[in-house]
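Colleague: I've only just opened this one, so I don't know my way around yet. Could you pick one part, take me through it closely, and then show me what lies around it?

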Amino acid sequence: MPTVNILPFDQKLGYPQRQKVMINGVAYQLFYRWNYQGNFAVLRIRRVEDNEIVFEGKLTVKNPFEIKDPKTHEVLFTILPWNVNEKKAEVWVFW
């Protein structure tokens, strides 16, 4: 059965912000920013151990993304932006 959590986002800090999180025993750095020209949130996920970017893209509500290893293309986890706007980013993560 998959594990479901919410990626950390501190509404008091707003955009941009960095967070660190452990997903399935691996450390990742999250960088949230707001694209003011396009009016949407962007998330970059970087694996800490090798500094590899595993995802960078627009957070489209209720549009899931499979996050894959850039070299092996193995699915690491899935994210689902659930409630994202200019004040918050609620992104679910499944592994």
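Modeller: Let's begin where β6 and β7 meet: they run antiparallel and are joined by 4 bridges. Strands here are DSSP runs of E with at least two residues, numbered from the N terminus, and two of them pair if DSSP finds at least two bridges between them. Before we go on, keep in mind that this is a predicted model, where local features need pLDDT of at least 70 and side-chain atom pairs count only at pLDDT 80 or more, while totals for chains, interfaces and linings use all residues. Residues are numbered from 1 along each chain as its sequence is written, and side-chain values use heavy atoms, with hydrogens and water left out.

Look for K68 first: its bridge partner in β7 is V75. The two strands make a hairpin with 6 residues between them, and H73 in that turn has a positive phi of about 65°.

Now follow β7 onwards. A second hairpin, this time through 4 residues, takes you from β7 to β8. These two strands are also antiparallel, with 6 bridges between them, and P81 stands opposite V91 in β8.

Put that together and you get an open sheet of 4 antiparallel strands in the order β1-β8-β7-β6. β1 and β6 stand at the edges with a single partner strand each, so one side of each has no neighbour in the sheet. On average, neighbouring strands here are turned by 30° against each other, direction ignored; for that angle, axes are lines fitted to C-alpha atoms, and angles run from 0 to 180 degrees between N-to-C directions. As a reading aid, side chains in a regular strand alternate between the two faces of the sheet.

Next, find the tryptophans. The structure holds 7 aromatic pairs, and in one of them W82 and W92 are stacked, 4.3 Å centre to centre with 15° between the planes. β7 (residues 75–84) carries W82 and β8 (residues 89–94) carries W92, so this pair ties together parts that are 10 residues apart in sequence. (Rings of Phe, Tyr and Trp, the last by its six-membered ring, pair if their centres lie within 6.5 Å; planes under 30 degrees apart are stacked, over 60 edge-to-face, and the rest tilted.)

Are these two buried or exposed? W82 is partly exposed at 33% relative accessibility, and W92 is partly exposed too, at 23%. The scale calls a residue buried under 20% relative accessible area, exposed over 50%, and partly exposed in between, using a 1.4 Å probe and protein chains only.

W82 has a charged visitor as well: the charged end of K62 sits over its ring, 4.8 Å from the centre. That label needs NZ of Lys or CZ of Arg within 6 Å of the ring centre and within 35 degrees of the ring normal.

Now step into the loop between β7 and β8, where you'll find K88. K88 is partly exposed, with a relative accessible area of 24%. Leaving out residues up to four places away in sequence, K88 touches F9, Q11, Y15 and N83, where contact means heavy atoms within 4.5 Å.

Follow that link to Q11, which has its place in the loop between β1 (4–6) and β2. Q11 counts as exposed, at 51% relative accessibility. Beyond four places in sequence, Q11 touches K87 and K88.

F9 and Y15 lead somewhere too: together with Y32 and W34 they form one aromatic cluster. Y32 is also among the residues that touch the most other members of the largest nonpolar core, which has 24 residues; L7, L43, I45, F77 and I79 are the others. β2 (17–23), β3 (26–35), β4 (40–47), β5 (52–58), β6 (65–68), β7 and β8 each supply at least two residues of this core. (A nonpolar core is a set of buried Ala, Val, Leu, Ile, Met, Phe, Trp, Tyr and Cys residues joined through side-chain atoms within 4.5 Å.)

Finally, there's another open sheet: 4 strands in the order β2-β3-β4-β5, paired antiparallel. Its edge strands, β2 and β5, pair on one side only. Between β4 and β5 there are 6 bridges, with R44 standing opposite E56 in β5.
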